[in-house]
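Reader: I am new to this one and would love a friendly walk through it. Could you show me the structure and tell me how each description is reached?

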Amino acid sequence: MSLRNLILAFVLGAAMAAGIWAAINLQRTTAQPTTATVLPAGPEIAAFSLLDHDARPIDESIFKGQWDLVFFGFTNCPDICPITLQILSTAKQKLSESGQTPLPRIVFVSVDPERDTTDKMATYVNAFGDGNLGITGDIEELLKLTSGIGIYFEKHDSDDEFYTVDHSAVVIVIDPDGRFHSLFGAPHAIENFVHDLPLLMAY
Amino acid sequence: MRILVLFITGLLAACGGEEGPPLLATDIEVSVPMPGTSISSAYMTLTNNSDEPIRITKVSSPQYALIEIHETTIDDNVARMRQVDELAVKPGESLRLQRGGIHLMMMQPATEIETVTLLLYDGDLLLMSMRTTPAAQEN
(Lines give C-alpha, C1' and ligand atoms only; values in the text may rest on other atoms or scores of the structure.)
Protein backbone atom coordinates (compact mmCIF):
# COMPACT_ATOMS: atom_id res chain seq x y z
CA MET A 1 0.00 0.00 0.00
CA SER A 2 1.37 3.34 -1.01
CA LEU A 3 1.73 6.12 1.50
CA ARG A 4 -1.03 7.98 -0.27
CA ASN A 5 -3.45 5.04 0.04
CA LEU A 6 -2.41 4.59 3.65
CA ILE A 7 -3.27 8.22 4.42
CA LEU A 8 -6.56 7.88 2.55
CA ALA A 9 -7.47 4.73 4.50
CA PHE A 10 -6.61 6.47 7.76
CA VAL A 11 -8.73 9.51 6.90
CA LEU A 12 -11.68 7.34 5.87
CA GLY A 13 -11.37 5.26 9.03
CA ALA A 14 -11.26 8.37 11.19
CA ALA A 15 -14.30 9.80 9.40
CA MET A 16 -16.26 6.58 9.96
CA ALA A 17 -15.34 6.52 13.63
CA ALA A 18 -16.38 10.15 14.02
CA GLY A 19 -19.67 9.40 12.26
CA ILE A 20 -20.44 6.45 14.53
CA TRP A 21 -19.51 8.49 17.62
CA ALA A 22 -21.74 11.36 16.47
CA ALA A 23 -24.66 9.02 15.70
CA ILE A 24 -24.45 7.40 19.14
CA ASN A 25 -24.29 10.74 20.89
CA LEU A 26 -27.06 12.23 18.81
CA GLN A 27 -29.27 9.27 19.71
CA ARG A 28 -28.42 9.74 23.36
CA THR A 29 -29.29 13.43 23.19
CA THR A 30 -32.66 12.99 21.51
CA ALA A 31 -33.61 10.09 23.79
CA GLN A 32 -33.68 12.20 26.94
CA PRO A 33 -36.72 14.03 28.32
CA THR A 34 -36.09 17.76 28.05
CA THR A 35 -38.66 19.06 30.55
CA ALA A 36 -39.78 16.26 32.84
CA THR A 37 -37.82 15.32 35.93
CA VAL A 38 -37.64 11.56 36.44
CA LEU A 39 -37.51 10.34 40.02
CA PRO A 40 -34.81 7.66 40.40
CA ALA A 41 -36.91 5.67 42.87
CA GLY A 42 -40.39 7.11 42.88
CA PRO A 43 -42.58 6.23 45.85
CA GLU A 44 -45.81 4.28 45.56
CA ILE A 45 -48.91 6.40 45.90
CA ALA A 46 -50.03 6.39 49.54
CA ALA A 47 -53.25 4.64 50.56
CA PHE A 48 -56.37 6.83 50.32
CA SER A 49 -60.11 6.53 49.99
CA LEU A 50 -61.77 9.06 47.67
CA LEU A 51 -64.46 9.20 44.95
CA ASP A 52 -64.16 9.20 41.18
CA HIS A 53 -66.29 11.59 39.10
CA ASP A 54 -69.05 8.97 38.91
CA ALA A 55 -69.17 8.90 42.72
CA ARG A 56 -67.64 5.42 42.89
CA PRO A 57 -65.29 4.81 45.84
CA ILE A 58 -61.67 4.53 44.73
CA ASP A 59 -58.32 3.95 46.40
CA GLU A 60 -54.66 4.10 45.40
CA SER A 61 -55.09 1.07 43.10
CA ILE A 62 -56.90 3.37 40.65
CA PHE A 63 -53.42 4.47 39.57
CA LYS A 64 -52.31 0.96 38.61
CA GLY A 65 -52.52 -0.44 35.10
CA GLN A 66 -51.94 2.67 32.99
CA TRP A 67 -49.81 5.81 32.74
CA ASP A 68 -51.49 8.76 34.41
CA LEU A 69 -50.94 12.51 34.05
CA VAL A 70 -52.23 14.01 37.28
CA PHE A 71 -53.03 17.68 37.81
CA PHE A 72 -54.38 19.20 41.01
CA GLY A 73 -56.78 22.15 40.84
CA PHE A 74 -60.41 23.20 41.26
CA THR A 75 -63.31 23.76 38.89
CA ASN A 76 -63.88 27.38 39.99
CA CYS A 77 -60.36 28.23 38.86
CA PRO A 78 -60.90 30.20 35.63
CA ASP A 79 -57.35 30.45 34.38
CA ILE A 80 -54.54 27.99 35.15
CA CYS A 81 -56.68 24.86 35.63
CA PRO A 82 -58.62 24.86 32.33
CA ILE A 83 -55.48 26.01 30.50
CA THR A 84 -53.43 23.13 31.90
CA LEU A 85 -56.12 20.54 31.25
CA GLN A 86 -56.50 21.84 27.71
CA ILE A 87 -52.72 21.57 27.21
CA LEU A 88 -52.78 17.96 28.45
CA SER A 89 -55.79 17.13 26.29
CA THR A 90 -54.21 18.64 23.17
CA ALA A 91 -50.88 16.90 23.84
CA LYS A 92 -52.67 13.58 24.21
CA GLN A 93 -54.55 14.19 20.97
CA LYS A 94 -51.30 14.94 19.15
CA LEU A 95 -49.68 11.80 20.54
CA SER A 96 -52.68 9.77 19.44
CA GLU A 97 -52.47 11.21 15.93
CA SER A 98 -48.79 10.26 15.77
CA GLY A 99 -49.65 6.65 16.62
CA GLN A 100 -48.22 6.71 20.15
CA THR A 101 -49.13 3.78 22.38
CA PRO A 102 -49.79 3.60 25.21
CA LEU A 103 -51.56 6.91 25.71
CA PRO A 104 -51.70 8.38 29.22
CA ARG A 105 -54.92 8.99 31.11
CA ILE A 106 -55.58 12.57 32.26
CA VAL A 107 -56.50 12.79 35.94
CA PHE A 108 -57.82 15.94 37.61
CA VAL A 109 -57.81 15.90 41.40
CA SER A 110 -59.85 18.58 43.14
CA VAL A 111 -58.12 20.58 45.89
CA ASP A 112 -61.52 22.16 46.60
CA PRO A 113 -63.66 19.14 47.49
CA GLU A 114 -65.99 21.38 49.50
CA ARG A 115 -67.40 22.87 46.27
CA ASP A 116 -66.33 20.23 43.74
CA THR A 117 -69.04 17.60 43.94
CA THR A 118 -68.76 14.43 41.86
CA ASP A 119 -71.43 15.81 39.49
CA LYS A 120 -69.39 18.96 38.94
CA MET A 121 -66.22 16.94 38.44
CA ALA A 122 -67.93 14.67 35.89
CA THR A 123 -69.12 17.59 33.78
CA TYR A 124 -65.76 19.29 34.06
CA VAL A 125 -63.39 16.43 33.20
CA ASN A 126 -65.63 15.20 30.37
CA ALA A 127 -65.34 18.66 28.78
CA PHE A 128 -61.66 17.92 28.15
CA GLY A 129 -62.19 14.67 26.28
CA ASP A 130 -63.06 11.03 26.80
CA GLY A 131 -61.40 8.73 29.27
CA ASN A 132 -60.42 11.39 31.79
CA LEU A 133 -60.68 10.74 35.52
CA GLY A 134 -61.87 13.25 38.12
CA ILE A 135 -61.17 12.68 41.81
CA THR A 136 -62.75 14.42 44.79
CA GLY A 137 -63.91 13.49 48.28
CA ASP A 138 -63.04 13.94 51.90
CA ILE A 139 -60.28 16.47 52.53
CA GLU A 140 -58.49 14.30 55.09
CA GLU A 141 -58.27 11.50 52.53
CA LEU A 142 -57.18 13.98 49.87
CA LEU A 143 -54.29 15.04 52.13
CA LYS A 144 -53.11 11.42 52.27
CA LEU A 145 -52.78 11.46 48.48
CA THR A 146 -51.21 14.92 48.15
CA SER A 147 -48.77 14.88 51.04
CA GLY A 148 -47.08 11.69 49.82
CA ILE A 149 -46.16 13.31 46.50
CA GLY A 150 -45.38 16.84 47.67
CA ILE A 151 -48.53 18.54 46.41
CA TYR A 152 -49.42 21.74 48.27
CA PHE A 153 -52.81 23.42 48.45
CA GLU A 154 -54.35 26.03 50.71
CA LYS A 155 -57.58 27.97 50.65
CA HIS A 156 -57.17 31.73 50.25
CA ASP A 157 -59.76 34.24 51.52
CA SER A 158 -61.71 31.37 52.99
CA ASP A 159 -64.40 33.70 54.39
CA ASP A 160 -65.19 34.96 50.91
CA GLU A 161 -67.95 33.19 48.96
CA PHE A 162 -65.68 33.29 45.91
CA TYR A 163 -62.54 32.05 47.63
CA THR A 164 -59.68 30.68 45.57
CA VAL A 165 -57.25 27.90 46.35
CA ASP A 166 -53.47 28.18 46.01
CA HIS A 167 -52.15 24.91 44.67
CA SER A 168 -49.15 23.16 43.16
CA ALA A 169 -49.17 23.55 39.41
CA VAL A 170 -46.96 20.59 38.55
CA VAL A 171 -48.18 17.65 36.46
CA ILE A 172 -47.35 14.34 38.11
CA VAL A 173 -46.69 11.25 35.99
CA ILE A 174 -47.67 7.96 37.65
CA ASP A 175 -46.46 4.71 36.06
CA PRO A 176 -48.58 1.57 35.60
CA ASP A 177 -47.19 0.14 38.85
CA GLY A 178 -48.79 3.03 40.71
CA ARG A 179 -45.48 4.76 41.40
CA PHE A 180 -44.71 8.48 41.24
CA HIS A 181 -42.51 8.27 38.15
CA SER A 182 -41.75 11.84 37.08
CA LEU A 183 -43.08 15.37 37.04
CA PHE A 184 -43.43 18.37 34.75
CA GLY A 185 -42.85 21.77 36.37
CA ALA A 186 -45.00 24.80 35.49
CA PRO A 187 -45.53 26.68 33.28
CA HIS A 188 -46.64 23.97 30.89
CA ALA A 189 -46.49 23.75 27.11
CA ILE A 190 -48.05 21.23 24.72
CA GLU A 191 -44.75 20.46 22.96
CA ASN A 192 -43.03 19.54 26.24
CA PHE A 193 -45.54 16.75 26.84
CA VAL A 194 -45.53 15.63 23.20
CA HIS A 195 -41.74 15.34 23.28
CA ASP A 196 -41.20 13.82 26.70
CA LEU A 197 -44.14 11.50 27.28
CA PRO A 198 -43.18 8.82 24.70
CA LEU A 199 -39.69 8.74 26.25
CA LEU A 200 -41.02 8.56 29.81
CA MET A 201 -43.51 5.82 28.96
CA ALA A 202 -40.79 3.78 27.21
CA TYR A 203 -38.76 3.54 30.43
CA MET B 1 -62.36 19.82 22.80
CA ARG B 2 -63.92 23.07 21.86
CA ILE B 3 -63.90 26.08 24.11
CA LEU B 4 -66.36 28.71 23.14
CA VAL B 5 -64.75 32.08 23.11
CA LEU B 6 -66.40 35.41 22.68
CA PHE B 7 -64.53 37.78 20.43
CA ILE B 8 -64.97 41.50 20.20
CA THR B 9 -66.97 42.69 17.26
CA GLY B 10 -67.55 46.26 18.23
CA LEU B 11 -65.40 48.62 20.15
CA LEU B 12 -66.63 51.92 21.43
CA ALA B 13 -63.94 54.40 22.23
CA ALA B 14 -63.66 56.16 25.53
CA CYS B 15 -62.48 59.56 26.62
CA GLY B 16 -62.89 60.60 23.01
CA GLY B 17 -60.59 63.12 21.46
CA GLU B 18 -60.23 64.34 17.94
CA GLU B 19 -57.05 62.31 17.48
CA GLY B 20 -58.75 59.01 18.24
CA PRO B 21 -59.30 57.05 21.41
CA PRO B 22 -56.64 57.42 24.10
CA LEU B 23 -57.42 53.90 25.30
CA LEU B 24 -57.61 51.02 22.84
CA ALA B 25 -58.46 47.39 23.52
CA THR B 26 -57.37 44.68 21.07
CA ASP B 27 -57.03 40.85 20.98
CA ILE B 28 -60.04 40.55 23.25
CA GLU B 29 -61.27 37.11 24.29
CA VAL B 30 -63.98 36.30 26.78
CA SER B 31 -64.34 32.63 27.64
CA VAL B 32 -67.72 31.19 28.43
CA PRO B 33 -67.84 29.33 31.76
CA MET B 34 -66.38 25.83 31.70
CA PRO B 35 -69.06 23.14 31.82
CA GLY B 36 -70.32 22.69 35.34
CA THR B 37 -68.98 26.05 36.48
CA SER B 38 -70.19 29.65 36.47
CA ILE B 39 -66.84 31.40 36.26
CA SER B 40 -65.05 32.65 33.20
CA SER B 41 -62.24 35.02 32.32
CA ALA B 42 -61.43 37.80 29.87
CA TYR B 43 -58.15 38.67 28.17
CA MET B 44 -57.14 41.63 26.02
CA THR B 45 -54.38 44.10 25.24
CA LEU B 46 -54.96 47.65 26.51
CA THR B 47 -52.98 50.43 24.82
CA ASN B 48 -52.69 53.96 26.16
CA ASN B 49 -52.30 56.35 23.22
CA SER B 50 -52.50 59.44 25.42
CA ASP B 51 -49.87 61.44 27.29
CA GLU B 52 -51.42 60.65 30.66
CA PRO B 53 -51.43 57.45 32.72
CA ILE B 54 -54.72 55.55 32.54
CA ARG B 55 -56.07 53.59 35.50
CA ILE B 56 -58.87 51.07 35.33
CA THR B 57 -60.22 50.47 38.80
CA LYS B 58 -63.52 48.76 38.02
CA VAL B 59 -64.97 46.52 35.33
CA SER B 60 -68.64 45.67 35.11
CA SER B 61 -71.00 43.90 32.73
CA PRO B 62 -74.78 43.59 32.45
CA GLN B 63 -74.23 39.86 31.87
CA TYR B 64 -72.14 39.17 34.99
CA ALA B 65 -73.04 40.09 38.55
CA LEU B 66 -69.40 40.38 39.57
CA ILE B 67 -66.16 41.06 37.70
CA GLU B 68 -62.81 41.34 39.47
CA ILE B 69 -59.33 42.14 38.22
CA HIS B 70 -57.12 39.16 39.07
CA GLU B 71 -53.54 38.11 38.60
CA THR B 72 -52.35 34.52 38.43
CA THR B 73 -48.74 33.91 39.41
CA ILE B 74 -46.69 30.73 39.48
CA ASP B 75 -43.82 30.79 41.95
CA ASP B 76 -41.89 27.64 42.82
CA ASN B 77 -44.51 25.62 40.96
CA VAL B 78 -47.36 26.94 43.10
CA ALA B 79 -50.22 28.74 41.33
CA ARG B 80 -51.86 31.62 43.17
CA MET B 81 -54.63 33.93 42.05
CA ARG B 82 -55.05 37.30 43.74
CA GLN B 83 -57.35 40.25 43.23
CA VAL B 84 -55.53 43.43 42.19
CA ASP B 85 -56.87 46.96 42.75
CA GLU B 86 -56.35 48.43 39.31
CA LEU B 87 -54.93 48.10 35.84
CA ALA B 88 -52.40 50.86 35.20
CA VAL B 89 -51.43 51.62 31.60
CA LYS B 90 -48.55 54.07 31.19
CA PRO B 91 -48.59 56.72 28.42
CA GLY B 92 -47.65 55.20 25.08
CA GLU B 93 -47.52 51.67 26.50
CA SER B 94 -49.64 48.52 26.36
CA LEU B 95 -50.76 46.15 29.08
CA ARG B 96 -51.50 42.55 28.13
CA LEU B 97 -54.18 40.67 30.03
CA GLN B 98 -53.32 37.05 29.30
CA ARG B 99 -53.70 33.43 30.30
CA GLY B 100 -51.65 32.66 33.39
CA GLY B 101 -51.26 36.38 34.18
CA ILE B 102 -53.48 39.42 34.73
CA HIS B 103 -57.06 38.75 33.66
CA LEU B 104 -60.65 39.66 34.41
CA MET B 105 -62.46 37.03 36.48
CA MET B 106 -66.16 37.04 35.71
CA MET B 107 -68.64 35.51 38.12
CA GLN B 108 -72.36 34.82 38.36
CA PRO B 109 -73.34 35.01 34.68
CA ALA B 110 -76.84 35.47 33.33
CA THR B 111 -78.44 32.22 32.20
CA GLU B 112 -78.21 32.73 28.45
CA ILE B 113 -75.43 34.93 27.12
CA GLU B 114 -75.62 35.97 23.47
CA THR B 115 -73.26 38.89 23.72
CA VAL B 116 -71.11 40.30 26.50
CA THR B 117 -70.67 43.98 27.21
CA LEU B 118 -67.68 45.04 29.29
CA LEU B 119 -67.52 48.48 30.87
CA LEU B 120 -64.13 49.77 32.05
CA TYR B 121 -64.09 52.52 34.67
CA ASP B 122 -61.65 54.77 36.51
CA GLY B 123 -63.64 55.24 39.69
CA ASP B 124 -67.06 56.34 38.47
CA LEU B 125 -65.76 57.61 35.12
CA LEU B 126 -66.59 55.29 32.24
CA LEU B 127 -63.47 54.89 30.10
CA MET B 128 -64.53 52.31 27.58
CA SER B 129 -67.37 50.04 26.55
CA MET B 130 -66.91 46.93 24.43
CA ARG B 131 -69.34 44.37 23.09
CA THR B 132 -68.59 40.79 22.12
CA THR B 133 -70.27 38.02 20.16
CA PRO B 134 -69.64 34.30 20.60
CA ALA B 135 -67.29 32.30 18.40
CA ALA B 136 -65.80 28.84 18.68
CA GLN B 137 -62.10 28.35 19.09
CA GLU B 138 -60.19 25.17 18.46
CA ASN B 139 -57.17 24.73 20.66
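**Where two chains pair**

Author: Happily! In this predicted model, strand S8 (residues 164–168) of chain A pairs with strand S7 (residues 78–83) of chain B in the antiparallel sense, over two bridges.

Reader: What makes S8 of chain A and S7 of chain B a pair?

Author: Two strands pair if there are at least two bridges between them. S8(A) and S7(B) have two bridges, so they meet that cut-off. As for who faces whom, A:His167 stands opposite B:Ala79 in S7(B).

Reader: Which other strand of chain B pairs with S7(B), and in what sense?

Author: That is strand S6 (residues 64–75) of chain B, joined to S7(B) by six bridges in the antiparallel sense. Within this pairing, B:His70 has B:Gln83 as its bridge partner. S6(B) and S7(B) form a hairpin with two residues between them. In the turn, B:Asp76 has a positive phi of about 50°.

Reader: How many residues does each chain bring to the contact?

Author: Chain B gives 22 residues and chain A gives 27 residues. On chain B's side, strand S3 (39–48), S6, S7 and strand S10 (102–109) each supply at least two residues. The largest share, four residues, comes from S7(B). By type, chain B's side divides into eleven nonpolar, nine polar and two charged residues.

Reader: Let me turn to chain A. What is the strand order in its open sheet of eight strands?

Author: The order is S1-S10-S9-S4-S5-S6-S2-S3, with mixed pairing.

Reader: Why are strand S1 (37–38) and strand S3 (57–59) of chain A called edge strands?

Author: Each of these two strands of chain A pairs on one side only. Elsewhere in the sheet, strand S4 (residues 68–73) of chain A runs parallel to strand S5 (residues 105–110) of chain A, and six bridges join them. One of the facing positions there puts A:Gly73 opposite A:Ser110 in S5(A).

Reader: Which strands does helix H2 (residues 80–97) of chain A lie across?

Author: Helix H2 of chain A lies across S4, S5 and strand S9 (171–174) of chain A, running at about 170° to S4(A). Helix H3 (residues 118–126) of chain A also packs on the sheet, where it touches strand S2 (49–52), S5 and strand S6 (133–136) of chain A. The direction of H3 makes about 155° with that of S6(A).

Reader: Why is B:Thr117 called partly exposed?

Author: B:Thr117 has 15 C-beta neighbours inside 10 Å. A buried residue needs 20 or more and an exposed one has 12 or fewer, so B:Thr117 falls in between and counts as partly exposed. B:Thr117 sits in strand S11 (residues 116–122) of chain B, and the residues it touches include B:Ser61, B:Pro62 and B:Arg131. Its C-alpha atom is separated by 6.3 Å from that of B:Thr132, 15 residues apart along the chain.

Reader: What scores does the predicted model carry?

Author: The model scores ipTM 0.78 and pTM 0.82. Chain B averages a pLDDT of 83, with 81% of its residues scoring at least 70. Over residues 1–17 of chain B, however, the pLDDT is below 50.

Notes: Residues numbered from 1 in each chain as written. Chains lettered and ligands numbered in written order. Predicted model: local features only at pLDDT ≥ 70, side-chain atom pairs only at ≥ 80, totals over all residues. Contact = placed C-beta atoms within 7 Å. Axes fitted to C-alpha atoms, helices over the stretch in contact; angles between N-to-C directions. pLDDT = per-residue confidence, 0-100. Nonpolar A, V, L, I, M, F, W, Y, C, P; charged D, E, K, R; others polar. Lists of a residue's contacts leave out its neighbours within four places in sequence.
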